[in-house]
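Hi,

Here is the structure I said I would pass on. Have a look first, and then read my notes underneath.

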Amino acid sequence: MTLASTYSTSRVTAIGRLTALRVPPVVALSFALVALAIAWSLVPSLFTSYDPVNGVPAQKLLGPSVAHWFGTDHLGRDLYTRVVYGTASSVASALIAVVIGVFAGGLIGLLAGFFGGWVDTLFARLVDVLLAIPKFPLAVIVVTAIGFDTTNAAIATGVSAVALFARVMRSEVIKTRQATFVESSFLLGGSRWHILWRHVLPNASRSVLPLAVLQFGDSILVIASLAFLGYGDPPPASDWGLLISIGKDYLKWPWLVYAPAFVTIATVLSVNRISRWLRKTD
């Protein structure tokens with residue numbers, strides 16, 4: 001009887017865990033869209049056979065059709081191909097920005113929250129300076145200082161996100177530092193660095209993952225905005241923001257703006273929805 005009840009309890013627990021991890025349809029669709037964007041960025045040639053740089057002048061400004069899903073631009077280039085090949089730059093740049101924000105901001109927040117004292121005061125002032133400047137103007141300042149390039153735009157976007165990750169990490173570290181298992185580790189003779197890397201960092205970084213995913217989508221928007229203003233790679237590059245910037249000059253052919261804008265919005269919304277789901281299932 002005891003074995004049966006134990007088996008029944010474990011089975012109910014397993015079913016409950018599977019139910020808790022069940023992915024809602026909207027989140028599954030979001031994962032599919034993000035996976036498609038990543039596939040575009042890794043192997044764009046598998047999704048289109050057109051040349052993203054050289055077009056056919058006789059086919060310029062054609063509307064969306066079976067042959068050209070997003071139509072063609074003013075040089076006769078297939079717009080769908082341009083969007084697909086531009087994904088690599090947009091996704092890679094956003095990833096660079098997130099990595100910079102996570103590592104730099106996470107390290108600042110980790111050290112400030114764990115050691116406190118003058119270390120916390122010093123880093124707090126640095127974060128206050130970064131927060132005093134709005135994110136987008138800060139990115140413009142940085143990219144202007146280091147040069148107009150998509151990679152530089154990614155670095156600038158990452159720098160503007162450092163303060164956000166630092167504040168979140170600091171608050172999580174302070175909360176974790178006061179936990180019972182951390183105090184027990186201190187009493188057992190654990191060194192500061194051992195406790196920091198072994199106990200505090202793994203537990204405090206749980207809240208950083210949903211934030212990093214959310215920041216990935218935000219970085220796509222910021223980098224696209226910088227490219228729209230001309231702070232990214234020049235033509236014939238096909239960054240999503242640059243495609244929108246070029247398309248705005250041809251108001252009679254709205255698909256030149258709608259196609260890259262729709263892809264950008266769909267990707268960012270999908271990333272945001274995944275971030276919300278991760279935060280709820282933490």
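A quick word on terms before the helix pairs: axes here are lines fitted to C-alpha atoms, for helices over the stretch in contact, and angles run from 0 to 180 degrees between N-to-C directions. Keep in mind too that this is a predicted model.

With that in hand, take helix 6 (residues 150-177) and helix 9: their axes come within 10 Å and cross at roughly 150 degrees. Angles over 145 count as roughly antiparallel, so that is what helix 6 and helix 9 are to each other. Their crossing is right-handed. On the helix 6 side the contact includes Ala-153, Ala-161, Phe-165 and Met-169, and these residues face a helix 9 set with Leu-211, Gln-215, Val-222 and Leu-226 among them. By class, that contact has 13 nonpolar, three polar and no charged residues.

Helix 9 (residues 208-228) also packs against helix 3 (residues 79-115), at about 135 degrees and with the axes 8 Å apart. That angle makes helix 3 oblique to helix 9. Here, too, the crossing is right-handed. Helix 3 brings Ser-90, Ala-94 and Val-98, among others, while the helix 9 residues include Ala-212, Phe-216 and Ile-220. The split for this contact is 11 nonpolar, four polar and no charged.

One single residue to finish: Val-119, in helix 4 (residues 117-132). It counts as buried because its relative accessibility is 14%. Beyond its neighbours within four places in sequence, Val-119 touches Leu-111 and Ala-112. From Val-119 to Ile-108 is 11 residues in sequence and 9.4 Å in space, C-alpha to C-alpha.

Cheers

Technical notes
Residues are numbered from 1 along each chain as its sequence is written. This is a predicted model: local features need pLDDT of at least 70, side-chain atom pairs count only at pLDDT 80 or more; totals for chains, interfaces and linings use all residues. Side-chain values use heavy atoms; hydrogens and water are left out. Helices (H or I, at least four residues) and strands (E, at least two) are DSSP runs, numbered from the N terminus. Buried means under 20% relative accessible area, exposed over 50%, partly exposed in between (1.4 Å probe, protein chains only). Contact means heavy atoms within 4.5 Å. Angles under 35 degrees count as roughly parallel, over 145 as roughly antiparallel, 65 to 115 as roughly perpendicular and the rest as oblique. A crossing is left-handed if the near helix is turned anticlockwise from the far one by less than a right angle, and right-handed if clockwise. Ala, Val, Leu, Ile, Met, Phe, Trp, Tyr, Cys and Pro count as nonpolar, Asp, Glu, Lys and Arg as charged, and the others, Gly among them, as polar.
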